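Please look over the sequence and the structure below before reading on. The paragraphs that follow go through the interior, the contact between the chains, and a detail of the backbone.

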There are 2 protein chains.
Amino acid sequence: MEIEKKISRKEEIAREATRLFREKGYPATSMRDLAAELGIEAASLYSHIKSKEEILHKVCFRMAENFFLAINDIDQETETTTEKLKKSIIAHVEVLTEDTNASIVFLNEWKHLSEPYLSDFIKMRDTYEHRFREIVLEGQRNGEFKYMDEKFAVLTLLSSLNWIPNWYKNYGKLDPTQIGNQLSSLVLSGLKNGI
Amino acid sequence: MEIEKKISRKEEIAREATRLFREKGYPATSMRDLAAELGIEAASLYSHIKSKEEILHKVCFRMAENFFLAINDIDQETETTTEKLKKSIIAHVEVLTEDTNASIVFLNEWKHLSEPYLSDFIKMRDTYEHRFREIVLEGQRNGEFKYMDEKFAVLTLLSSLNWIPNWYKNYGKLDPTQIGNQLSSLVLSGLKNGI
DNA sequence: CCTACCGATCGGTAGG
DNA sequence: CCTACCGATCGGTAGG
């Protein structure tokens with residue numbers, strides 16, 4: 001019971017910290033800001049967490065894991081490349097919208113990680129983007145997509161997806177699957193018609 | 001001549017500060033970091049600039065002005081809405097790629113402005129986005145574009161454009177007009193075919 | 001452009 | 001979870 005209480009308090013701290021990191025950015029968020037939001041003294045935070053960076057680290061790597069898990073079983077299935085890309089986009093949007101604060105911290109604050117975490121993080125992100133590039137290339141090989149620089153296409157795709165957490169919360173009209181579907185159609189019509 | 005020297009030193013400081021703000025973020029860049037890059041003491045910066053925020057302010061508002069100037073005369077011309085949107089996209093990309101450091105600071109660090117500059121900045125950005133929404137709506141009214149939520153379309157468009165400064169420098173294959181053309185085709189095929 | 005320095009604030013620790 | 005506190009660093013000023 002005491003352990004349970006500790007874990008839950010730790011999660012509470014992490015959640016509030018994530019919200020502040022999103023709002024003010026990681027360097028501009030002080031441990032005193034965070035403590036004040038939780039109604040305690042800054043020093044008291046350290047009975048629950050090891051350091052400020054520990055929180056950032058956990059958010060960034062947990063989100064990275066979520067993104068990988070979401071697209072992991074898609075490749076196995078035998079289906080059209082178009083369907084594969086569409087499912088990947090929807091999976092990505094679902095992770096992005098599940099916790100918009102954590103998503104924005106993941107997308108914007110990772111650069112404040114120290115080594116060796118920073119290098120690990122960048123490697124993971126590159127691997128993830130590579131998966132999308134492979135799908136686009138496959139579609140070009142089997143004729144489902146027109147030729148187009150696959151890096152350009154994937155950067156364009158992911159950047160439009162990754163902006164979603166900035167407006168999703170107050171938008172309200174669409175759920176993640178609908179957003180994924182709309183964005184899929186938008187980008188797929190470009191891939192299918194060529195540019 | 002002494003005045004010229006002072007102005008040029010001030011610009012040198014602003015340029016180096018912009019580079020650091022882009023790399024580390026505004027709050028994580030100290031005036032001592034900046035001074036060290038320029039080979040002087042931190043205190044010496046203050047004979048050229050008033051404050052750290054003055055630099056951020058100038059970058060953000062100069063870029064905002066650049067974006068407005070670039071699309072300002074497009075509306076006047078009588079042409080198809082498709083052409084109007086295409087020209088606006090190319091103009092936007094040209095500003096984005098002209099100084100990628102300044103663009104990224106403009107896009108990511110504006111939130112560290114203090115009031116009343118912060119509110120002014122947000123107002124300008126909203127006005128700018130409004131211009132793009134109006135073009136999309138016009139295209140829907142005259143039948144050039146299929147119906148689609150115009151906020152969604154513009155957010156998707158601008159977010160994919162605004163990622164360009166993050167990869168443009170090292171990409172090398174395309175110039176701003178070509179990038180604008182490719183991205184226009186990509187998004188226009190979505191707008192024209194509907195989603 | 002420098003030296004010398006200011007008060008404020010930072011992340012974090014000791015000890016309870 | 002607190003009080004009391006640490007050394008380091010912050011943006012910026014005084015005075016030259």
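**Cores, interface and backbone**

The largest nonpolar core has 60 residues, and those that touch the most other members are Leu34(B), Leu85(B), Leu161(B) and Ile179(B). Helix α3 of chain B, residues 52-72, gives the most to this core, with 10 residues. Another core lies apart from it and has 59 residues, including Phe21(A), Cys60(A), Ile179(A) and Leu191(A). This is a predicted model. In soluble globular proteins, nonpolar side chains tend to be buried together.

Ile179(B) is a useful place to look further. Leaving aside residues up to four places away in sequence, Ile179(B) touches Val93(B), Ile164(B), Trp167(B), Tyr168(B) and Leu174(B), and also Phe152(A).

That last contact leads to the interface. Here 31 residues of chain B are in contact with 32 residues of chain A. The size of an interface is often given as the accessible area lost when the parts come together. Between chain B and chain A, the buried area is about 2,600 Å², and carbon and sulfur atoms give 68% of it. The rule finds 0 salt bridges across the interface of chain B and chain A. Polar contact between chain B and chain A counts 3 residue pairs, with both residues at pLDDT 80 or more.

Which helices of chain B supply at least two residues each to the side that touches chain A? They are α1 (2-24), α7 (150-162), α8 (164-171) and α9 (176-193). With 8 residues, α9(B) gives the most to that side of chain B.

How the two chains are arranged can be stated as a rotation. A turn of 180° with a shift of 0.0 Å along the axis lays chain B on chain A, with an RMSD of 0.0 Å. That is the relation of a two-fold axis. In chain B, the residue that comes closest to the rotation axis is Ser160(B), whose C-alpha is at 2.3 Å. Of the interface residues of chain B, 100% are also interface residues in chain A, so the copies meet through the same surface.

The backbone has one further detail to point out in each chain. Most peptide bonds are trans. The bond from Glu115(A) to Pro116(A) is cis, with omega near 5°, and Pro116(A) lies in the loop between α5 (100-108) and α6 (117-141) of chain A. In chain B, Glu115(B) and Pro116(B) are joined by a cis peptide bond with omega about 5°. The loop between α5 (100-108) and α6 (117-141) of chain B holds Pro116(B).

Methods. Residues numbered from 1 in each chain as written. Chains lettered and ligands numbered in written order. Predicted model: local features only at pLDDT ≥ 70, side-chain atom pairs only at ≥ 80, totals over all residues. Heavy atoms only, no water. Least-squares fit on C-alpha atoms with pLDDT ≥ 70 in both. Contact = heavy atoms within 4.5 Å. Core = buried A, V, L, I, M, F, W, Y, C linked by side-chain atoms within 4.5 Å. Buried < 20%, exposed > 50% of the residue type's maximum accessible area, 1.4 Å probe, protein only. Helix = DSSP H or I, 4+ residues; strand = E, 2+ residues; numbered from the N terminus. Buried area = accessible area lost by both parts, 1.4 Å probe. Salt bridge = Lys/Arg side-chain N within 4 Å of Asp/Glu carboxyl O. Polar contact = N/O pair within 3.5 Å; in protein donor to acceptor, adjacent residues only side chain to side chain.
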